Amino acid sequence: MSAQYTDLMSLDDTFEGEVVRVEHGDKNLAVYSVNGEIYCTDNLCTHGNALLSDGFLEGFEIECPFHQGRFDIRDGRVTCEPASKAVKSYPIKVSDGRVFVDLS
Ligand code: FES
């Protein structure tokens with residue numbers, strides 16, 4: 001399937017080294033800003049009912065606030081148990097001060 005980018009948010013609503021929660025349609029997303037790049041994953045941890053946007057971002061890793069499972073925000077892969085299933089990550093483009101996401 002070809003990429004379908006939709007307007008997600010203003011770049012001004014992202015903050016270097018931080019994660020923000022973004023609701024988009026029926027999606028609850030976590031949007032991260034690291035080293036001037038924007039990354040996006042599903043917000044719900046794959047291990048339980050916790051929001052990654054409430055967790056702790058360190059480098060390219062987000063730590064879940066419930067059991068300290070960790071995910072790489074660049075591709076969603078698990079980097080620390082007890083999480084065992086990758087979180088979905090989404091391609092991002094930035095243009096004219098807007099953040100676009102491909103949710104397809
Ligand atoms: Fe996220 Fe358990 S709910 S690691």
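**Strand pairing and core in a predicted model**

In this predicted model, H24 stands opposite K27 in β3.

Biologist: Which strands are joined by six bridges, and how do they run?

Modeller: The residue pair above, H24 and K27, places K27 in β3. Strand β2 covers 19–24. Six bridges join β2 to β3, and the two strands run antiparallel.

Biologist: What is the strand order of the open sheet of four strands, and which are its edge strands?

Modeller: The pairing in this open sheet is antiparallel, and the order is β2-β3-β4-β9. An edge strand pairs on one side only, which holds for β2 (19–24) and β9 (89–90). The edge strands are therefore β2 and β9.

Biologist: Which strand gives the most to the largest nonpolar core?

Modeller: That core has 18 residues, and V19, A30, V31, Y32, L52 and I62 have the most contacts inside it. At least two residues each come from β3 (27–34), β4 (37–42) and β11 (98–102). With four residues, the strand that gives the most is β3.

Biologist: Which residues does I62 contact, leaving aside its neighbours within four places in sequence?

Modeller: I62 is among the residues with the most contacts inside the core. Contact here requires C-beta atoms within 7 Å. With those neighbours left aside, the partners of I62 are V19, A30, Y32, L52, G55, L57, R70, F71 and I73.

Biologist: How far apart are the end C-alpha atoms of residues 6–101?

Modeller: UniProt, in an unreviewed entry, places the feature "domain: Rieske" at residues 6–101. The span is 0% helix and 49% strand. Its end C-alpha atoms lie apart by 5 Å.

Terms used
Residues are numbered from 1 along each chain as its sequence is written. This is a predicted model: local features need pLDDT of at least 70, side-chain atom pairs count only at pLDDT 80 or more; totals for chains, interfaces and linings use all residues. A nonpolar core is a set of buried Ala, Val, Leu, Ile, Met, Phe, Trp, Tyr and Cys residues joined through C-beta atoms within 7 Å. A residue is buried if 20 or more other C-beta atoms lie within 10 Å of its own, exposed if 12 or fewer, and partly exposed in between; C-beta atoms are placed from the backbone. Two residues are in contact if their C-beta atoms, placed from the backbone, lie within 7 Å. UniProt positions are given in the numbering used here, feature names are shortened, and annotations may be inferred rather than shown by experiment.
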